[in-house]
Amino acid sequence: MKTSPYVRWGMKFGIASLLVYAVISCGGVLSEQYKVYTQFTRHSGDPISEYEKRFTGVRQILPQKGAVGFLSDVPAPFLKGDDGRAGTLYLTQYVLSPVVVYDNAQYPLVVGNFHSSPHPSPELLKILRLRPIANFGNGVVLFKREGME
Amino acid sequence: MLALGIIIPIIIGCAFVHAVHRGGGLLSDRSHVVNCFFIGTGTGIGITSLLYFLWLQFLGSPGTSYIIAEVMVALCLIGFSAWTVVRAKNSRTSPGQKGSDPVPRFCRVISAGFWGLLALSFMGFLLASLNTPHGDWDAWAMWNLKARFLFLGGDQWRNLFSVTSDLHLDYPLLLPGFIARCWTYVGDDPVVVPAVVAAVFTFSTVGLMYSALAVLRGRSQGFLAGIVLMGTSAFLRDGAGQYADVPLGYYILLSTVLVILHGRENIQSFLALAGLAAGLAAWTKNEGVLFLAAFAVAHFTTTLYTQGIRNYFSQLMKLSYGLFPVLAVIIFFKWWYAPPSSVVLAEGVGPALEKVFQASRHIIIIKYILVEFISFGGLLLIFYWGLSGLRMEKAEISAIVFSIIILSIMMAGYYFIYLTTSFPLDWHLGTSLRRILLQLWPLFVFTYFLALPSWEPATIQETSATGEKWGTGNLL
């Protein structure tokens with residue numbers, strides 16, 4: 001296909017524009033990620049890995065497979081909006097898998113995931129018939145449900 | 001071991017592509033070798049993901065025996081592939097070496113820009129992966145969670161289907177299967193594996209885009225398309241965020257490229273590979289099923305119009321060789337494990353029909369689509385088309401129409417899903433539209449640069465000029 005010199009110059013200009021746009025866009029991603037890395041990741045790691053560390057203790061006690069119940073108070077600090085409550089459950093499910101985490105306290109073992117203190121009141125635990133069997137001191141508590149094996 | 005876990009599927013994929021093609025011309029020049037590599041990468045990942053799932057299903061938790069079996073498959077395919085090369089050499093006269101034309105200086109500028117940008121994107125990707133090694137929400141809540149069940153669950157991996165159904169248990173298992181397979185190689189579940197898999201898919205999409213256009217329209221056109229793709233910040237971010245939309249975009253691009261290459265070079269085996277890639281798209285995400293439908297309609301329409309009904313059925317048969325094995329696994333998975341999808345017509349036909357006639361919903365959807373299109377750099381593409389004299393390559397018209405039909409049907413499908421969604425419309429669009437459009441973006445950019453005038457002749461045009469005939473001695 002024959003192209004006029006005007007069109008070829010136009011295309012050159014267009015290609016240069018595409019290239020500049022791509023460099024700015026790509027550079028934007030790089031600088032944004034670099035900022036996050038220097039301000040947060042380098043010092044405190046990524047939030048999910050940190051979250052996962054809280055469960056190291058309970059993972060060692062829990063059986064390798066099977067199902068547990070779940071009790072929580074508020075969303076994980078870095079999950080915002082409506083997704084917070086569900087997100088806390090999903091995150092707990094993620095870090096405890098392949099153990100299945102159900103969103104209720106009707107299981108022989110119940111994992112508590114609390115971000116506020118005090119942790120659930122003795123009255124609530126009495127109603128739910130839960131007895132703490134291991135408290136890891138970081139908001140993660142393992143409960144046993146009375147009357148269930 | 002991780003390196004081996006990534007290299008083996010690439011070897012399997014490349015050797016498979018080469019073996020299916022019986023060596024016929026795939027390695028005839030550098031562009032074709034690169035193209036074969038990027039076709040083989042996704043093909044190999046898909047095949048090994050399927051094998052892992054089937055092993056898990058019928059033979060139990062995969063261990064060392066699985067790795068040995070996979071290495072044996074790789075060796076057999078390499079052997080067969082080498083044999084086809086020797087056979088093809090004996091049965092052909094070697095094409096005369098074509099003297100390479102001097103590369104225009106501006107093409108070198110484009111090439112340098114591409115490589116520079118590739119380095120920049122790689123660094124951005126690396127940092128983003130360090131910041132979110134578990135990936136973004138969808139990655140850890142769906143794909144990596146499922147991969148953990150497949151790998152750590154042992155014989156009780158099916159417990160995966162007992163977790164909360166909010167986590168899209170109906171989604172197929174290409175990514176979780178492949179990640180779990182890599183963890184089997186490593187013997188542990190480090191978070192670096194999903195990040196590496198995400199990098200492979202992200203940069204393979206760029207590589208496939210470049211190599212396919214280099215073969216079809218010349219290297220500078222391939223470089224430009226790669227530049228535009230890497231310049232889409234959402235592509236890099238979501239790639240590093242380990243979203244499955246990037247792998248799906250890769251398979252959508254792959255199957256379309258293979259059909260177009262078949263049309264141009266008349267290599268029958270490409271049709272079987274295209275069918276396989278289309279099946280792997282459906283094995284990646286549920287949206288891949290919509291792609292399968294769009295792909296079938298586009299193939300029917302263009303083949304019927306250009307080649308008649310007889311050729312259509314002959315091609316359909318070849319497509320099905322690649323598609324049916326994957327489709328069988330998908331149907332098995334959907335039948336046995338997947339709960340019904342909750343996205344399409346969740347509220348029933350009546351309320352959905354009511355929404356179709358609400359003008360405000362149409363306005364909101366169109367507004368969101370336009371905003372995303374602009375944020376992807378769409379206006380710049382229109383600007384560049386204007387500077388190119390608003391011309392299109394007439395020789396590519398059937399390939400362009402084929403791609404446009406696919407893009408249109410998929411967009412129509414997504415539009416309808418948003419229109420009738422039971423979720424709040426703003427929330428649904430705000431949380432998913434960018435990723436949905438990202439699935440189609442590589443194919444859109446590919447089609448755009450296929451249609452626009454190029455700076456240099458394509459490899460295929462060059463080889464045709466030498467009188468070299470391809471497609472002899474094909475398996476299919």
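Glu354(B) is exposed, because just 11 other C-beta atoms lie within 10 Å, and a residue counts as exposed at 12 or fewer. This is a predicted model. The points below cover that residue, the make-up of chain B, and the contact between chains B and A.

**Glu354(B)**
- Helix 13 of chain B, residues 349–356, contains Glu354(B).
- From Glu354(B) to Gly5(B) the C-alpha to C-alpha distance is 51 Å. In sequence, 349 residues separate Glu354(B) and Gly5(B).

**Chain B overall**
- Chain B has 18 helices and 0 strands.
- Its length is 476 residues, and 51% of the residues in chain B are buried.
- Among contacts in chain B with a separation of 6 or more, 84% join residues 24 or more positions apart.

**Contact between chains B and A**
- Chain B supplies 45 residues to the contact, and chain A supplies 39 residues.
- On the side of chain B that touches chain A, five elements give two or more residues: helix 4 (105–131), helix 5 (137–152), helix 8 (219–230), helix 9 (233–240) and helix 15 (378–387).
- Helix 4 of chain B gives the most to that side, with 12 residues.
- By class, the side of chain B that touches chain A holds 26 nonpolar residues, 16 polar residues and 3 charged residues.

Notes:
Residues numbered from 1 in each chain as written. Chains lettered and ligands numbered in written order. Predicted model: local features only at pLDDT ≥ 70, side-chain atom pairs only at ≥ 80, totals over all residues. Helix = DSSP H or I, 4+ residues; strand = E, 2+ residues; numbered from the N terminus. Buried ≥ 20, exposed ≤ 12 C-beta atoms within 10 Å, placed from the backbone. Contact = placed C-beta atoms within 7 Å. Nonpolar A, V, L, I, M, F, W, Y, C, P; charged D, E, K, R; others polar.
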